[in-house]
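Here are my comments on the model you sent round, set out as numbered points for discussion.

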Amino acid sequence: MTVSNDAEEFVILVDETDHPTGIGPKLETHRNGLLHRAFSIFLFDEDGRTLIQKRAAEKYHSGGLWANTCCGHPRPGESVAAAASRRLTEELGFRADLSFGFHSRYRADLDHGMIENEYVHVFFGVSEAVPSPEPTEVANIDYWHLDELRDGQSCNGSAQTAWLRHYLDHHFSELLEIRDKCRTATISELSTSTYV
């Protein structure tokens with residue numbers, strides 16, 4: 001399994017319409033709070049539970065906090081869908097069919113002087129694969145229902161990443177709709193809109 005080196009990674013800078021405006025070093029982009037392109041993945045099991053991950057303590061921000069299945073950034077010249085598949089394999093050691101769900105826009109001040117300022121492409125899917133987490137990326141995994149995550153019945157809000165809280169607070173109805181589609185449809189029927 002390939003482990004990414006944050007200090008050597010570059011991200012795609014964008015404007016408020018997700019139009020590329022350049023590239024920037026990943027760490028510098030987060031220190032300066034520059035708007036950049038990102039993706040986020042929610043995978044569900046057959047019972048409708050969400051696969052979540054606890055970030056490794058040594059991550060450059062939000063270490064030890066719980067996040068949704070997988071998040072990351074496409075590299076310059078890489079499609080968002082390809083980046084999502086790549087990171088899922090790098091972090092959790094398996095592949096899954098992913099469909100596009102919706103876009104999200106958020107900004108949050110984090111620890112270590114980092115700022116998340118992202119235009120996010122949110123993907124989803126169904127998987128019964130057994131994860132094999134990369135320990136430098138992921139400290140633990142678990143499965144919880146969305147309402148348990150939202151209401152703090154599983155990992156409480158203070159133990160969740162800013163972006164997981166953002167999705168639960170601002171996109172909960174969309175996530176529920178997607179989860180229900182995942183339980184009743186084939187993966188080819190899942191997308192809520194065409195993704196390029």
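The points below go from the overall fold to the internal cavity and then to one histidine.

1. This is a predicted model, and its protein chain comes to 5 helices and 9 strands, which follow one another along the sequence in the pattern β-β-α-β-β-β-β-α-β-β-β-α-α-α.

2. Of the 196 residues in the protein chain, 52% count as buried, while the accessible surface of the chain comes to about 8700 Å², with 48% of that area belonging to carbon and sulfur atoms. Among contacts with a separation of 6 or more, 66% are accounted for by residues 24 or more positions apart.

3. A search of the whole structure for cavities of 30 Å³ or more finds 1, and the volume of the largest cavity is about 300 Å³. Its lining is made up of 28 residues, of which K26, Y60, C71, G72 and H73 are the closest to the centre. Two or more lining residues come from each of the strands β1 (10–14), β3 (36–44), β4 (50–55), β6 (70–72) and β8 (115–126), and likewise from each of the helices α2 (80–92) and α4 (162–170).

4. As for the character of that lining, the residues around the largest cavity divide into 12 nonpolar, 7 polar and 9 charged.

5. Is H166, in helix α4, buried or exposed? H166 counts as buried because its relative accessibility is 12%, and buried means under 20%. Leaving aside residues up to four places away in sequence, H166 touches S104, R105, Y106 and H171.

How values were computed. Residues are numbered from 1 along each chain as its sequence is written. This is a predicted model: local features need pLDDT of at least 70, side-chain atom pairs count only at pLDDT 80 or more; totals for chains, interfaces and linings use all residues. Side-chain values use heavy atoms; hydrogens and water are left out. On a 1 Å grid over the protein atoms alone, a cavity is a set of points where a 1.4 Å probe fits but cannot get out, and a pocket is an open set with protein on both sides within 12 Å along at least five of seven lines; lining residues have an atom within 4 Å of a point. Grid points are joined across faces, edges and corners, and a volume is the space filled by probe spheres set on the points. Helices (H or I, at least four residues) and strands (E, at least two) are DSSP runs, numbered from the N terminus. Ala, Val, Leu, Ile, Met, Phe, Trp, Tyr, Cys and Pro count as nonpolar, Asp, Glu, Lys and Arg as charged, and the others, Gly among them, as polar. Buried means under 20% relative accessible area, exposed over 50%, partly exposed in between (1.4 Å probe, protein chains only). Contact means heavy atoms within 4.5 Å. Accessible areas come from the Shrake-Rupley method with a 1.4 Å probe; for residues, only the protein chains shown count as cover.
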